[in-house]
Amino acid sequence: MASLSKAGAALIALREDLAGDVFAPGDFGYDEARAVYNGMIDRRPGVIAQCVDEADVVRSVRFARELDLPVAVRGGGHSVAGTALNDGGVVVDLRHMRGTTVDPAAEAIRVGGGATMSDLDGATQPYGLATTGGRASTIGVGGFVLGGGTGWLDRSCGLAVDNLLGVELVTADGSRVHASADENPELFWALHGGGGNFGIATALTLALHELPEFSIALVLYLPEAGPEVVRTYRELITAAPVEASGGILYLTGPPAEFVPPHLVGTLVCGALLAYAGAEEAMRKLAEPLLALPHETEVVTEIPYADFQTMFDDPPGLRNHWSVEFTADAPDDFVDAFCGRARSMPVPTDTQHMLFPQGGAIADGPREYPVPYRDARWAVHPFAAWEDPADDERAVQWVRDVRAAVRPWSTGAVHLNFIGDEGADRVIAGLGAKNAQRLARVKRRYDPDNVFRFNHNIRPA
């Protein structure tokens, strides 16, 4: 650790050299700059460097290395695990690096490391193009993609990481590196699921797919109808084309225009059919769900970028998430999944979700470190609440969901969906053999484990 005088001089130099803003404790705006999406996270970095370009990122990394300070990287999105912050170290904040450039002829987009899904989808929609993004507009593109990336389009377009064409990276020594299939291919492989372990992604290039039309059916039922709804959706999606996706979600009825007043603030079961195509074809697919007794429905064509905002949660709520993948969804699994809805914290923003996989996910490249590719279903308990008094029951509910479905679990993990659940779960999110290979890549690009505020891969 550097002396106080050296640290003070270095901070003055960083403030002068950085094109973006620099915040330290006591500065006006510091508390706002350190606030993250998850209200449970309260950390006090020594320096927050809000970078506006790649040169700023290089300066910030070299500043941290000069003073032997730990480095956390903040992309554009949630960091629900809180790894975008540290105590007393440096935060390299990319949120001002949100630029996008669409090449419609090549069907590709270049996005800044701090971009969110709203930036990505807003840029591609005028061209009738899209790529797999998260299930909310506020998710950060960089962390989402490098962590694997599953969303409403994954059955038709593949996982987000399957669409990765190139990454601009600043490594632990402040070097700039480009990774693609032709340039630094081993690093490029590692970035397909290895997350932020190897450097700071200042820009990513992603393949796009034609999406001229998008439509949905969202049907809300009383919670006791849940098992029949899940079984109906299971049979529907199993026979559906890859353009069909969506899922089952238990949630607190929101105060939305389409929700009847008697459902607001109470537990409801929802079935969502998301369709990468026209409304007419989607309506025919949705017929079995609409035939079940239900309370309300929304069946419509909608711009994909607009739909992406439908499940946005406000920042500042307390969050705890997890995931289990299953090879199938037999009736006893359905009963176990639906049974856990009865203990959900209600009324809160918590959601109890079941997503289908298959399609282009299963057909994607086999060599990447994404071990959940062959699973058919993902159970995603997503606890979000406001009152700290609910911490214990909300966290316990997530654990109870995992325990209830574990008899059917494949053991694989999608690391974007979890916080700190221990080293074994990190290995399960990479695959044991992949983890060994990733550790060797880590040794080459970050031998001192500078980038360790993440689902960490130790150099070996």
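**Notebook: aromatic rings and two buried polar residues**

I began with charges over rings: the charged end of Arg-437 sits over the ring of Trp-189, 3.7 Å from its centre. I note here that the model is predicted. I then looked at Trp-152 and found Arg-135 over its face, at 5.1 Å from the ring centre.

**Entry: aromatic pairs**

I searched the whole structure for aromatic pairs and obtained 12. I took up the pair of Trp-152 and Phe-311, which is tilted, with 5.8 Å from centre to centre and 45° between the planes. I looked up where the two residues lie, and the pair links distant parts of the chain, 159 residues apart. Trp-152 is in the loop between helix 5 (141-146) and helix 6 (154-157), while Phe-311 is in the loop between helix 10 (304-307) and strand 16 (318-321). I checked burial and recorded both Trp-152 and Phe-311 as buried.

I next asked why the pair of Phe-333 and Phe-337 counts as stacked. The ring centres of Phe-333 and Phe-337 are 6.4 Å apart and the planes meet at 20°, so the pair is stacked; the cut-offs that apply are centres within 6.5 Å and planes under 30 degrees apart. I placed both Phe-333 and Phe-337 in helix 11 (residues 331-341), four residues apart, which is about one turn of the helix. Phe-333 and Phe-337 are each buried.

I also listed the members of one aromatic cluster: Trp-152, Phe-214, Tyr-304, Phe-307, Phe-311 and Phe-355.

**Entry: Thr-131**

I located Thr-131 in the loop between strand 7 (129-130) and helix 5. I recorded a relative accessible area of 3% for Thr-131, so this residue is buried, the cut-off being under 20%. I looked for a polar partner and found the backbone oxygen of Ala-207 at 2.9 Å from a polar atom of the Thr-131 side chain. Not counting residues up to four places away in sequence, I noted that Thr-131 touches residues including Leu-120, Leu-153, Asn-163, Ala-207, His-209 and Tyr-304. Tyr-304 is also one of the residues in the aromatic cluster.

**Entry: Glu-324**

I found Glu-324 in strand 17 (residues 324-326). Is Glu-324 buried or exposed? Glu-324 has a relative accessible area of 3%, so I entered this residue as buried. I then examined its side chain, which is joined to that of Arg-402 by a polar contact of 2.7 Å. Leaving aside neighbours within four places in sequence, I listed the contacts of Glu-324; among them are Trp-377, Val-379, Arg-402, Arg-406, Ser-409 and Arg-425.

Conventions
Residues are numbered from 1 along each chain as its sequence is written. This is a predicted model: local features need pLDDT of at least 70, side-chain atom pairs count only at pLDDT 80 or more; totals for chains, interfaces and linings use all residues. Side-chain values use heavy atoms; hydrogens and water are left out. Rings of Phe, Tyr and Trp (its six-membered ring) pair if their centres lie within 6.5 Å; planes under 30 degrees apart count as stacked, over 60 as edge-to-face and the rest as tilted. Buried means under 20% relative accessible area, exposed over 50%, partly exposed in between (1.4 Å probe, protein chains only). A charge sits over a ring if NZ of Lys or CZ of Arg is within 6 Å of the ring centre and within 35 degrees of the ring normal. A polar contact is a pair of N or O atoms within 3.5 Å; within protein, one must be able to donate a hydrogen and the other to accept it, and residues adjacent in sequence count only if both atoms are side-chain atoms. Contact means heavy atoms within 4.5 Å.
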